[in-house]
Amino acid sequence: MKIDQFIEKKKTSWNRLSELIKLAEQRGFKKFSRDNLLELGRLYRQVSSDLSYTKSCLKDKQIVNYLNQLVARAHGQIYLPEPFNKGHILYFYSYTFPDLFRQNFYYILLSCMIFVLSYVFSYITVKSDRATGKMFLSDEIVIPIEEGLKEHQVGAKFPASMGPVLSSKIMTNNISVGFKAFAFGITAGVGTVYVLIFNGFMLGSLAAIFNNYHYDIQFWALILPHGITELLAIFISGGAGLILADSLFNPGDLKRIDAMKVNGVRAIRLILGVIPMFVIAGIIEGFITPLDISPYIKLVFSAFTGILLFLYFSQAKWKMVKSEG
């Protein structure tokens with residue numbers, strides 16, 4: 001069948017489905033009669049079939065895009081989510097978020113690689129020439145750190161009363177970094193990559209400065225207790241930003257704006273998932289990192305957080321399968 005004949009034959013059904021969708025979007029299903037509901041279901045199935053036929057046989061991109069949008073709108077009205085409750089939150093963090101992590105692992109891995117390469121570059125650069133530390137960090141950061149290391153003063157010790165205030169500021173800053181890594185995906189990923197590189201440069205140059213004064217253990221004892229959770233959250237946020245960027249470069253059969261909408265939902269759910277991770281990292285950084293205890297104890301604690309995160313993201317799927325069985 002030629003495309004013109006196909007459109008002429010089907011356009012009445014498509015227009016009618018569009019009318020019913022518009023009515024549902026404006027008024028909901030309360031104004032629908034039983035016949036209208038049955039008609040909506042029938043037309044939805046019919047247009048879904050038309051979409052499959054158009055993709056496989058006619059391959060007309062304009063019609064495919066139109067039918068994609070029509071079917072997506074109908075699906076959104078027919079399969080409305082259940083009213084939101086606390087159970088949904090528990091289910092999201094128990095199963096949905098870990099599953100999203102696994103589904104989008106390669107975006108998250110790419111985000112991690114960008115950060116690690118930036119870290120390695122700045123570390124080698126500062127190790128080769130100490131003066132280059134100021135390329136990646138401001139004088140306000142480098143000078144006090146180096147002066148403290150010369151005097152064998154490692155780490156920051158805060159009064160216990162400062163813990164809540166410090167923790168709150170750290171949470172706010174970390175969530176801001178994660179949100180920027182995600183939101184800047186709209187710049188075709190340029191902004192996301194910049195955020196990852198900038199933070200990689202900071203960590204790498206700091207590690208090199210501490211290494212120059214032979215305080216590697218102390219440095220990682222300061223970074224890793226909160227850093228394992230915080231860095232993973234940043235990598236996930238960066239992965240969410242790269243998902244948005246990929247929508248611009250590889251929209252598939254959809255228009256770029258529609259691909260952004262579809263993948264944007266996936267990316268936003270990842271960002272919702274990392275918020276508790278940033279909160280936990282902020283609490284650790286505000287209350288545990290400043291403790292005057294052995295750095296080896298802090299490293300053991302860091303390993304413990306890493307194991308918990310591994311179990312959380314790798315075992316949730318197994319738990320869900322077990323519960324369904």
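**Aromatic contacts, a pocket and cysteines**

Tyr 119 and Tyr 123 are four residues apart in helix H5 (residues 105–128), so about one helical turn separates the two. The model examined here is predicted. Tyr 119 has a relative accessibility of 19% and counts as buried, because the limit for that class is under 20%. Tyr 123, at 23% relative accessibility, counts as partly exposed.

Across the whole structure, the search for aromatic pairs returned 22. One of them joins Phe 92 and Tyr 93 in an edge-to-face arrangement, with 4.9 Å from centre to centre and 85 degrees between the planes. Phe 92 is classed as buried, its relative accessibility being 12%, while a relative accessible area of 26% makes Tyr 93 partly exposed. The two tyrosines of helix H5 introduced above also form an aromatic pair: the rings of Tyr 119 and Tyr 123 are stacked, with a centre-to-centre distance of 6.0 Å and an angle of 20 degrees between the planes. An angle under 30 degrees is what places this kind of pair in the stacked class.

Phe 92 and Tyr 93 also belong to a cluster linked by ring pairs. Its other members are Phe 97, Phe 101, Phe 105, Tyr 106, Tyr 312 and Phe 313. Another contact with an aromatic ring involves a charged side chain: the charged end of Arg 130 is positioned over the ring of Tyr 213, at 5.1 Å from the ring centre.

Empty space was examined as well. The second largest pocket holds about 270 Å³ of space. Its lining consists of 13 residues, and those nearest the pocket centre are Thr 229, Met 277, Ile 280, Leu 309 and Tyr 312. Helix H4 (86–103), helix H11 (256–287) and helix H12 (295–324) are the elements that each contribute two or more residues to this lining. Sorted by class, the lining of the second largest pocket comprises 10 nonpolar and three polar residues, with no charged residues. Tyr 312 thus appears both among the residues nearest the centre of this pocket and in the aromatic cluster.

The search for disulfides over the whole structure found zero. Among the cysteines, Cys 57 has a relative accessible area of 48% and is partly exposed. Cys 112, with a relative accessibility of 23%, likewise counts as partly exposed.

Note on methods: Residues numbered from 1 in each chain as written. Predicted model: local features only at pLDDT ≥ 70, side-chain atom pairs only at ≥ 80, totals over all residues. Heavy atoms only, no water. Phe/Tyr/Trp six-rings, centres within 6.5 Å; stacked < 30°, edge-to-face > 60°. Buried < 20%, exposed > 50% of the residue type's maximum accessible area, 1.4 Å probe, protein only. Lys NZ or Arg CZ within 6 Å of the ring centre and 35° of its normal. 1 Å grid on protein atoms, 1.4 Å probe; cavity = no way out; pocket = protein on both sides within 12 Å on 5 of 7 lines; lining within 4 Å. Points joined across faces, edges and corners; volume = space filled by probe spheres on them. Nonpolar A, V, L, I, M, F, W, Y, C, P; charged D, E, K, R; others polar. Disulfide = S-S within 2.5 Å.
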